[in-house]
Amino acid sequence: MAQEINDINDQFQHWIDENYFATLQSNPLLSAKCVHKILPHLADNYKQQEKVALLVVDGLTYWQYFILKRHLLREQINANSGSTLSWLPSITKLSRQAIFRGNSPMMDYNQSTENERKLWRDFWHQYGFSSFETQYICDADEFAINEGVKRLAVVTVEMDKKMHSSTDYRDLLSLTENWCQRITIQIKAILGAGYTLYLTTDHGSVLSEGWRNLTSVEKVFLYENESRGRRHLIYKNKDEQRRFISDNSNLALLSRDNWMSIRDYRCFARENERMITHGGSHFMEVVIPFAKIE
């Protein structure tokens, strides 16, 4: 399927150039077309007395979501095939922040569960919810839903860790099947507590092949905090950004503002090294699930 995936991604890169950045300005009432519109979409469509939950599975690709969907159907739980778009670059610091901020992410944000918990509470406070009516649960917390909670967030990074530990899709498929059995238990508990449940993620992933490692000189000019990954670079000097693009014209790059992402399957690693990772603009990283489960 590699060639089919490459052909689809080539078309998707044209779509990004022509449509992605305009899509970021879309109205969230009818649909959340990018992750930063998810909370505004929920706020527009549910009344204050209704119980709404958002399950955020870090690093879940769209094909993995269909594995989960199959598991849920066995339990008579229906999940639709809704989708949204990751924020670019497709990294947790920006894209998951965008989910919980309900707005464009900030570059100087420090990714942590406590900051995320605060973003969740602050967003719903704008709509009249008290701190007792909102709850944020992460992997480190006991999975116990408090009484009176109307807006519930559940975040798990287990699948992201499994993705980064995998070297091929066959391995990731097996890990996903095992994970689906455990997350299904949590999903049943959330639904059983009377919540309307949505599932999403911050980014997908793609099987990548090493292009080359960055040199020590190239690393000097990058933005300090989380400025470089296997498939993205964030610059503090635009002249150096332009120089890198000019010197490496053989690398397919999406460049915007002070950042750039790799468009195809390559990554910043030693030549021919293979890994499953994210941060680029490949369609398997950017097209992600936003699905209602009931």
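Two exercises with worked solutions follow, on a sheet and on the nonpolar cores of this structure.

The model is predicted, with local features requiring pLDDT of at least 70 and side-chain atom pairs pLDDT 80 or more, while totals for chains, interfaces and linings use all residues. Residues are numbered from 1 along each chain as its sequence is written, and side-chain values use heavy atoms, without hydrogens or water.

**Exercise 1.** Determine the order of strands E7, E8 and E9 in their sheet, and state which strands stand at the edges.

*Solution.* Helices (H or I, at least four residues) and strands (E, at least two) are DSSP runs, numbered from the N terminus. Two strands pair if DSSP finds at least two bridges between them.
1. The open sheet has the order E7-E9-E8, with antiparallel pairing.
2. Strands E7 (232-234) and E8 (253-256) each have a single partner strand, so one side of each is left without a neighbour in the sheet.
3. E8 is joined by four bridges to E9 (residues 259-262); Ser255 has Met260 in E9 as its bridge partner.

**Exercise 2.** Describe the largest nonpolar core and identify the helix that gives the most to it.

*Solution.* A nonpolar core is a set of buried (under 20% relative accessible area, 1.4 Å probe, protein chains only) Ala, Val, Leu, Ile, Met, Phe, Trp, Tyr and Cys residues joined through side-chain atoms within 4.5 Å.
1. The largest such core has 44 residues, and Tyr20, Leu42, Leu54 and Phe100 have the most contacts inside it.
2. Helix H1 gives the most to this core, with five residues.
3. Apart from it lies another core, of 29 residues, including Ala53 and Leu207.

Note on methods. Buried < 20%, exposed > 50% of the residue type's maximum accessible area, 1.4 Å probe, protein only.
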